[in-house]
Amino acid sequence: RTMGRVMHEFKHGELKRGPGGKAGKVKSPRQAVAIALKEAGASKYQSKSENIRNRAKTERKEARGETAQQGQEGRFHIGARGKRESTPAMGGGNAGGKKMQGRGAGLPRGRDWGGTTKRELYARARERGIPGRSKMSKRQLENALR
């Protein structure tokens, strides 16, 4: 499945090179195959533990909906055990309404991603003397400051 997805991304010019995809598009099919094998955890140039780590990373990326193919096709993410989500409650294929496309497709619609940073929230929590603030996530800091 991963091999097919990566080759699909290559064919449609969505497969990127380098860290964070900042080195441009992959132009060689051979390079695309190498990337696919690495993401699938089947590279002969890496150790068994590295392959396991790479496969787990790919599964997390697919589950979050952060692959280029999922972004283009407007799929939010693949649910438990790699199954595509299908119910409207899960925002899957049978769900009503327009699907988001492009870069923000994997992000939930309800949350406000702008505004204050975690660092700013932490500074406010320190001013108020909120206990346990160092171990709180951004969301928890927001709730504690309300």
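**Salt bridges, helices and surface**

Reader: How many salt bridges does a search of the whole structure find?

Author: This is a predicted model: local features need pLDDT of at least 70, side-chain atom pairs count only at pLDDT 80 or more, and totals for chains, interfaces and linings use all residues. Residues are numbered from 1 along each chain as its sequence is written, and side-chain values use heavy atoms, with hydrogens and water left out. A salt bridge here is a side-chain nitrogen of Lys or Arg within 4 Å of a carboxyl oxygen of Asp or Glu. Searching the whole structure on that basis gives five.

Reader: What is the secondary structure of the protein chain?

Author: Helices (H or I, at least four residues) and strands (E, at least two) are DSSP runs, numbered from the N terminus. Strands come to zero. From the N terminus on, the elements run α-α-α-α-α-α. The chain therefore comes, by the DSSP definition, to six helices.

Reader: How far apart are the closest N and O atoms of glutamate 9 and arginine 5?

Author: Both residues sit in helix α1 (residues 2–11). They are four residues apart, so about one helical turn separates them. Both are buried, meaning under 20% relative accessible area, with exposed over 50% and partly exposed in between (1.4 Å probe, protein chains only). They form a salt bridge, and the closest N and O atoms are apart by 3.0 Å.

Reader: Glutamate 39 forms a salt bridge with arginine 5; how many residues apart in sequence are the parts that the pair ties together?

Author: The closest N and O atoms of this pair are 2.5 Å apart. Glutamate 39 lies in helix α2 and arginine 5 in helix α1, so parts 34 residues apart in sequence are tied together. Glutamate 39 is buried at 14% relative accessible area, and arginine 5 is buried at 6%. The separation in sequence is 34 residues.

Reader: Is lysine 61 buried, exposed or partly exposed?

Author: Its side chain meets that of glutamate 39 in a salt bridge (3.3 Å, N to O). The pair links distant parts of the chain, with lysine 61 in helix α3, glutamate 39 in helix α2, and their positions 22 residues apart. The relative accessibility of lysine 61 is 24%, so this residue counts as partly exposed.

Reader: Which residues are linked in a network of salt bridges?

Author: Arginine 5 pairs with glutamate 9. Arginine 5 also pairs with glutamate 39. Glutamate 39 in turn pairs with lysine 61. The linked residues are Arg5, Glu9, Glu39 and Lys61.

Reader: Which residues of α3 are buried?

Author: Helix α3 (residues 48–64) has 17 residues and reaches 25 Å from its first C-alpha to its last. That is close to the 24 Å expected at 1.5 Å a residue, counting one less than the number of residues. The face turned away from the buried side carries the exposed residues Ile52, Arg53 and Lys57. The buried ones are Asn51, Asn54, Thr58 and Glu62.

Reader: Within what arc do the buried residues of α3 fall?

Author: The arc is that of the directions from the helix axis to the C-beta atoms. Seen down the axis, the buried residues line one face of the helix, because they fall within an arc of 70°.

Reader: Which residues form a nonpolar patch on the surface?

Author: Patches are made of residues with over 30% relative accessible area and no salt bridge; like charges are joined within 9 Å, nonpolar side chains (Val, Leu, Ile, Met, Phe, Trp, Tyr) within 5 Å. The patch has about 190 Å² of accessible area, by the Shrake-Rupley method with a 1.4 Å probe, where for residues only the protein chains shown count as cover. One member is in helix α2 (residues 29–40): valine 33. The full patch is Met3, Val33 and Leu37.
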